[in-house]
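Reader: Could you take me through one part of this model up close, the sheet towards the end of the chain? I'd like to know how it's put together and what sits around it.

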Amino acid sequence: MKFISILLALLSGTLLWLGWPTYGFAGLLLIAFVPLLLSEKRIRSSSAKRKAGHVFLHSYLTFFIWNIATTYWLYFSTPFGMWFAVLVNAALMSLVFLGYHLLARRATQGAALTFLACLWISFEYMHLKWDFSWPWLNLGNGFSESTSWIQWYEYTGAFGGSLWIWLVNIFVFLSVLGFRESAPISKRKFIIKRVAVLLSLIIIPISISQIVVFELPSLPKGGGTEVIIVQPNIDPYYQKYDTTNDSIVKLIMRLVQPKMDRFTDLIITPETVFADNVRLSQLEQLEYDRSVNQMRAALYDYPDLYYLGGISIAEIFTDTTRITSQTNVARDGRTLYNDYNSAIFFTATDSLQVYHKSKLVVGVENFPYKNILQPILGDAMLDLGGTVATKTTQKERSVFQIKNQVKVAPIICYESVYGAYVTDYVRNGAQFLAIITNDAWWGNTQGHQQHLSIAKLRAIENRRWIARSANTGISAIIDDQGNILDSLEYNTEGVIKGTVYPKTQVTFYSTHGDYIARVASLMCLLVLLFSVFRRGKLKRK
């Protein structure tokens with residue numbers, strides 16, 4: 001029995017891996033948890049001692065395979081960070097499954113499975129909120145290469161996909177159990193009924209997706225925003241931080257000048273394209289930075305042409321009253337500085353606007369629970385991928401306005417993984433999304449492909465076009481249905497000139513955010529309390 005349970009756990013891990021984008025078939029996710037559920041059922045029904053330990057180890061095997069096979073590429077940026085993410089995330093997933101096992105031993109199967117689905121979604125929600133945030137493997141992301149199936153994300157967000165996966169998996173699992181228990185004479189009818197329901201659970205959401213697309217308004221004639229997306233293709237390990245900002249201005253203009261004309265509205269360049277830290281004593285001084293003004297001068301003949309791109313900023317000071325939890329101390333022990341990963345926006349003549357990246361990469365750009373862990377670990381959580389400082393963030397989601405009142409969201413890299421976070425830009429008036437990123441840390445692996453793929457979900461959820469500028473690729477234009485209309489291959493220098501279409505309608509998801517996760521968290525608590533109370537009542541009887 002132990003060998004079969006291990007095989008079932010291995011099968012679940014393999015199905016999750018083979019169902020994951022960008023190489024997998026998402027349909028496998030709809031049955032991927034069934035073998036693991038059967039493995040847990042076998043252990044729970046056995047006479048084995050320490051059942052909880054067996055369940056944890058078997059589920060850990062499943063989730064370790066899934067994590068390592070789909071996010072191994074983190075190793076190319078940070079070996080420690082990869083192992084930390086894989087081992088800890090697999091452990092957290094296993095704890096969720098262990099919680100289901102413990103409740104299933106005391107409650108009805110239906111209550112336990114409801115608890116499992118709600119607890120898992122609550123876990124995914126936590127991964128969007130806490131300091132060790134890592135929502136890359138949230139189940140709803142698994143349909144990012146099957147966008148024709150999930151156009152209803154504009155109502156549910158990616159958590160709708162997580163819920164769909166659990167509903168189908170639970171139904172298949174209960175069907176397998178029911179088939180075993182049904183009388184031989186009725187097995188055929190049982191199979192026919194269950195297959196019919198299963199097909200409905202799969203076909204109905206996909207059909208709704210087609211209906212949603214059919215009812216989308218057609219694109220207006222004209223009125224689009226013409227963008228030039230720059231992909232400079234600078235190696236972050238050997239070139240990026242040894243290249244002066246003056247050289248970057250020349251590179252950008254060499255690439256965009258052949259494409260610029262009086263109809264061009266916006267030039268978009270990648271995250272931290274100006275990587276040579278601009279050192280300031282006050283952020284307001286950025287207006288007078290040499291590289292900024294060189295870009296202004298280069299755009300002088302195009303007064304209505306806007307520039308949006310990434311920049312590294314260090315705000316240096318000694319005034320202790322300006323210290324925040326994100327302030328860094330230099331090696332001399334006296335100099336203080338705030339380190340920013342920012343987006344800047346300007347024309348040749350307008351005032352400069354700035355937005356600071358506020359969803360940070362764990363360990364690379366922030367120190368999780370710094371006040372608690374830094375006295376214990378020192379700087380062990382930093383220096384994992386190109387920086388040794390905690391980045392400083394801002395509270396609000398800024399939007400930038402170009403001519404004709406069109407507003408664009410400056411989304412920086414990792415921020416595009418957070419669905420409800422992106423809706424904040426839309427609620428602040430963003431009519432299309434600009435994602436600026438540097439995915440070169442991971443080399444030519446699944447990392448940059450998955451990151452691009454996840455961006456499609458943000459387009460669907462908010463019904464917003466996306467212009468994506470990536471340092472080494474993949475840069476792209478994505479429409480409001482998640483279709484990639486134009487792109488530049490990885491490790492290619494060049495530009496994309498194209499049109500995005502600003503939209504003003506606000507979707508149900510943009511308005512209400514991750515309501516499914518909030519409801520699931522409440523249901524998780526109610527099911528747990530009901531099961532505990534009911535068991536206590538039965539004991540008293």
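Author: Let's start at a turn. The hairpin of E11 and E12 has four residues between its strands, and one of the residues to look at is Gly-473, which takes a positive phi near 110 degrees. Bear in mind that this is a predicted model, so read these angles as properties of the prediction. On either side of that turn, E11 (residues 466–470) and E12 (residues 475–478) pair in the antiparallel sense over three bridges. If you want a pair to find on screen, take Ile-466 and look across to Ile-478, its bridge partner in E12.

Stay with E11 for a moment. Is it covered or open? It is mostly covered, with five of its five residues buried. The burial is on both faces: Ile-466, Arg-468 and Ala-470 are on one side, Ala-467 and Ser-469 are on the other, and all of them are buried. Yes, that includes an arginine and a serine, so don't skip past Arg-468 and Ser-469 as you click along the strand; both are among the buried ones.

Now go to the other neighbour of E11. E10 runs parallel to E11, and five bridges join the two. Thr-437 stands opposite Ala-470 there, so you meet Ala-470 again, this time as a pairing partner. To get from E10 to E11 the chain passes through helix H13, in a right-handed β-α-β crossover.

One step further along is E9, and here the pattern comes round again. E9 and E10 (residues 432–437) pair in the parallel sense over five bridges. Two of the matches are handy for orientation: Val-408 has Phe-432 as its bridge partner in E10, and Pro-410 stands opposite Ala-434 in that strand. As for the connection after that parallel pairing, the chain crosses from E9 through helix H12 (residues 419–427) to E10, and this β-α-β crossover is right-handed. E9 itself (residues 407–412) has five of its six residues buried, so the strand is largely enclosed by the rest of the structure.

On its other flank, E9 meets E8, a short run at residues 400–401. These two strands pair in the antiparallel sense over two bridges. Phe-400 has Val-408 as its bridge partner in E9, and that is a residue you've already seen: Val-408 is also the one matched with Phe-432 in E10. The hairpin of E8 and E9 has five residues between the strands, and within it Asn-404 takes a positive phi near 65 degrees. If you like comparing turns, put Asn-404 next to Gly-473 and flip between them.

Time to step back. What is the order of the strands? Six of them form an open sheet that reads E8-E9-E10-E11-E12-E13, with mixed pairing. The edges are E8 and E13 (484–488), each of which pairs on one side only.

And what about the two crossover helices? They turn up again when you look for enclosed empty space. The model has two cavities of 30 Å³ or more, and the largest has a volume of about 110 Å³. Of the 16 residues that line this largest cavity, Leu-128, Asn-138, Asn-141, Ala-158 and Arg-458 are the closest to its centre. The elements giving two or more residues to that lining are H5, H7 (158–181), H12 and H13 (446–462). H7 gives the most, with three residues. Both H12 and H13 are on that list, and they are the helices the chain passes through on its way from E9 to E10 and from E10 to E11.

If you follow H5 out of the cavity, you reach an open space. H5 (109–129) and helix H11 (370–377) each supply at least two residues of the lining of the second largest pocket. This pocket has a volume of about 380 Å³. It is lined by 18 residues, with Asp-131, Gln-326, Ser-358, Leu-360 and Asn-366 lying nearest its centre.

Technical notes. Residues are numbered from 1 along each chain as its sequence is written. This is a predicted model: local features need pLDDT of at least 70, side-chain atom pairs count only at pLDDT 80 or more; totals for chains, interfaces and linings use all residues. Side-chain values use heavy atoms; hydrogens and water are left out. Buried means under 20% relative accessible area, exposed over 50%, partly exposed in between (1.4 Å probe, protein chains only). Two strands pair if DSSP finds at least two bridges between them. A crossover is right-handed if, with the strands pointing away from the viewer, the path from the first strand over the helix to the second runs clockwise. On a 1 Å grid over the protein atoms alone, a cavity is a set of points where a 1.4 Å probe fits but cannot get out, and a pocket is an open set with protein on both sides within 12 Å along at least five of seven lines; lining residues have an atom within 4 Å of a point. Grid points are joined across faces, edges and corners, and a volume is the space filled by probe spheres set on the points.
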